[in-house]
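Me: I should like to go through this model with you. May I start with the charges?

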Amino acid sequence: QVRFVESGGGLVQPGGSLRLSCAASGFTFSNSGMVWYRQAPGKEREWVGSIGNRGDVTNYEDSVKGRFTISRDNAKSTMYLQMNSLKPEDTAVYYCINLGGSAWGQGTQVTVSS
């Protein structure tokens, strides 16, 4: 079945960086666009950004543009989220999913705090 395993989260100070990974299985990864979402405490899940199946097209939510970069390695069925210049408002559980998919993973917690 379709499965996503997110990793790489943790506690980081404001201005710091983290790199999240999303290992996917159960579908043809190289044929699928992929998406990152996040959910902050007490808030609804929100779209962070997406990447086309070949990795040549990316889109980002306005608040992360210029700070976050999405990439993918189709040979490893893995997507990445490089997060730089982190802010306290980036604190959330981060999830990945295939475009149009419905099977969520457990996510990885990112906490930005001094």
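Me: How many positive and negative charges does the protein have, and how far apart are their mean positions?
Reply: In this predicted model, the protein carries 11 positive and 9 negative charges, and their mean positions lie 5 Å apart.

Me: What about the surface: how much does the protein expose?
Reply: The exposed area is about 6000 Å², and carbon and sulfur atoms supply 44% of it.

Me: Turning to the fold, how many helices and strands are there?
Reply: The protein has zero helices and ten strands. Read from the N terminus, the order of elements is β-β-β-β-β-β-β-β-β-β.

Me: Why is it described as being as compact as a globular protein of that length?
Reply: Its radius of gyration is 13 Å, close to the 13 Å that the globule rule gives for 114 residues, so the protein is as compact as a globular protein of that length.

Me: And what does the C-alpha trace span along its principal axes?
Reply: The span is about 40 × 25 × 20 Å.

Me: What share of the residues is buried?
Reply: Buried residues account for 41% of the 114. As for contacts with a separation of 6 or more, 50% are between residues 24 or more positions apart.

Me: Now a single residue. Where is S50 found, and is it buried or exposed?
Reply: S50 belongs to strand 5, which covers residues 46–51. S50 is buried because its relative accessible area is 15%, and buried means under 20%.

Me: Which residues does S50 contact, leaving aside neighbours within four places in sequence?
Reply: S50 is then in contact with M34, V35, V57, T58, N59 and I70.

Key:
Residues numbered from 1 in each chain as written. Predicted model: local features only at pLDDT ≥ 70, side-chain atom pairs only at ≥ 80, totals over all residues. Heavy atoms only, no water. Helix = DSSP H or I, 4+ residues; strand = E, 2+ residues; numbered from the N terminus. Rg over C-alpha atoms; globule rule 2.2 N^0.38 Å. Buried < 20%, exposed > 50% of the residue type's maximum accessible area, 1.4 Å probe, protein only. Contact = heavy atoms within 4.5 Å. Areas by Shrake-Rupley, 256 points an atom, 1.4 Å probe, with all protein chains shown as cover. Lys, Arg positive; Asp, Glu negative; His and termini not counted. Charge placed at Lys NZ, Arg CZ, Asp CG, Glu CD.
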